[in-house]
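Here is a friendly note to go with your look at this structure. It is arranged as numbered points, so feel free to keep the view open while you read.

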Amino acid sequence: STLDPELIQVYLRIRPRTQAEIGVDEPFGQVNQESAKCCELVQGAHCNRYFFDHVFGQKSSQEEVFGTVVRPLVHSLVRGISSLVFTYGVTNSGKTYTVHGLEGEVSEGLLPRIFRSAFGALDLLQEPEGKGYEIVDEFGNYNNFDVIQQHYDPQTRYLLVFSALEIFNEKLLDLLDGDSNDLKMVEEGGEMVVKGVQEIEVKTMDEALRFLRT
């Protein structure tokens with residue numbers, strides 16, 4: 001493959017045990033975080049180590065996961081770089097909580113945080129004066145902000161567009177259009193796109209949350 005392997009990153013988030021699981025022997029072993037990039041799977045007397053780009057422990061917060069994995073990708077959108085983030089795991093492994101989260105900013109998942117970060121970043125790029133604390137909070141430091149700002153064009157209109165697709169039985173369904181049938185994925189301009197999917201411009205965070213909750 002001509003794809004740069006460094007463009008693909010794999011992260012592991014270890015879900016804490018529920019009350020029902022505490023004190024019960026795990027038939028497939030126990031997963032523990034050994035370091036920021038390594039976890040160990042303990043199965044009786046056997047222990048195997050696995051390495052990832054980053055390992056999030058049981059006490060990792062929603063903000064920590066978003067800040068490490070997704071926030072840099074949101075900022076790359078200003079540079080015209082597309083990204084894909086998806087979660088993978090067995091049922092009840094925490095995928096929905098990580099992606100959607102719960103009510104309230106502290107427990108928000110990746111999707112609402114993406115919109116919140118995108119709106120915030122664009123606002124700071126358009127009007128950075130007197131917003132030093134906000135810039136550091138969003139971009140980490142001024143150096144990161146300067147790099148992104150070099151690619152920002154004030155003459156360009158930036159749009160945040162929302163669409164929602166479901167893949168079920170190898171069929172693509174538009175969740176924003178109840179009348180949609182099996183949509184088709186085609187290649188256009190070197191990119192794969194879904195023909196006919198409904199796209200809605202989102203202008204405020206409230207609008208984004210409304211679509212995410214429908």
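**Notes for a newcomer**

Helix H3 is a good place to start: with six residues, H3 gives the most to the lining of the second largest pocket. Please keep in mind that the model is predicted.

1. **The whole protein.** Let us step back for a moment. The secondary structure comes to six helices and 11 strands. The C-alpha trace spans about 65 × 50 × 40 Å along its principal axes. Of the 214 residues, 28% count as buried.

2. **The second largest pocket.** About 340 Å³ of space lies in this pocket. Its lining is made up of 16 residues, and those nearest the centre are Arg-71, Arg-116, Ser-117, Asp-137 and Glu-138. Which helices supply at least two residues each of the lining? They are helix H1 (62-76), helix H3 (110-126) and helix H4 (132-139). By class, the lining of the second largest pocket holds 11 charged residues, three nonpolar ones and two polar ones.

3. **Salt bridges across the structure.** With charged residues in mind, here is a general point: side chains of opposite charge can pair when their charged atoms come close. How many salt bridges does a search of the whole structure find? The search finds 10. The next points look at some of them.

4. **Arg-113 and Glu-63.** The side chains of Arg-113 and Glu-63 meet in a salt bridge, with a distance of 2.8 Å from N to O. This pair links distant parts of the chain, since Arg-113 sits in helix H3 and Glu-63 in helix H1, 50 residues apart. Is Arg-113 buried or exposed? Its relative accessibility is 8%, so Arg-113 counts as buried. Glu-63, in contrast, is partly exposed, with a relative accessible area of 36%.

5. **A network.** The two residues of the previous point also belong to a network of salt bridges, in which Glu-63, Arg-71, Arg-113 and Glu-138 are linked. Arg-71 and Glu-138 will be familiar from the pocket, where they are among the residues nearest the centre.

6. **Arg-116 and Glu-105.** Arg-116, another of the residues nearest the pocket centre, forms a salt bridge with Glu-105, and the closest N and O atoms are 3.5 Å apart. Arg-116 lies in helix H3, while Glu-105 lies in the loop between helix H2 (95-99) and H3, so the pair ties together parts that are 11 residues apart in sequence. Arg-116 is partly exposed, with a relative accessible area of 29%, whereas Glu-105 is exposed, at 51%.

7. **An open sheet.** Please turn now to the strands. Three strands form an open sheet in the order S2-S3-S4, with antiparallel pairing. Which strands are at the edges? They are S2 and S4, each of which pairs on one side only. On average, and with direction ignored, neighbouring strands of this sheet are turned by 25 degrees against each other. S3 and S4 are joined by six bridges, and one pairing to look for is Gln-43 with its bridge partner His-46 in S4.

8. **A salt bridge at the sheet.** Arg-49 and Glu-34 bring their side chains together in a salt bridge, at 2.6 Å from N to O. Arg-49 lies in strand S4 (residues 46-51), and Glu-34 lies in the loop between strand S2 (30-33) and strand S3 (38-43), so this pair ties together parts that are 15 residues apart in sequence. Arg-49 is partly exposed, with a relative accessible area of 47%, and Glu-34 also counts as partly exposed, at 38% relative accessibility.

9. **Tyr-50.** Strand S4 also contains Tyr-50. At 39% relative accessibility, Tyr-50 counts as partly exposed. From C-alpha to C-alpha, Tyr-50 and Leu-165 are 33 Å apart in space, and they are 115 residues apart in sequence.

10. **The hairpin of S9 and S10.** Strand S9 (residues 184-188) pairs with strand S10 (residues 191-195) in the antiparallel sense, over five bridges. Glu-188 stands opposite Glu-191 in S10. Which residue of this hairpin takes a positive phi near 60 degrees? Gly-189 does, in a hairpin that has two residues between the strands.

Definitions and conventions
Residues numbered from 1 in each chain as written. Predicted model: local features only at pLDDT ≥ 70, side-chain atom pairs only at ≥ 80, totals over all residues. Heavy atoms only, no water. 1 Å grid on protein atoms, 1.4 Å probe; cavity = no way out; pocket = protein on both sides within 12 Å on 5 of 7 lines; lining within 4 Å. Points joined across faces, edges and corners; volume = space filled by probe spheres on them. Helix = DSSP H or I, 4+ residues; strand = E, 2+ residues; numbered from the N terminus. Nonpolar A, V, L, I, M, F, W, Y, C, P; charged D, E, K, R; others polar. Salt bridge = Lys/Arg side-chain N within 4 Å of Asp/Glu carboxyl O. Buried < 20%, exposed > 50% of the residue type's maximum accessible area, 1.4 Å probe, protein only. Pairing = 2+ DSSP bridges. Axes fitted to C-alpha atoms, helices over the stretch in contact; angles between N-to-C directions.
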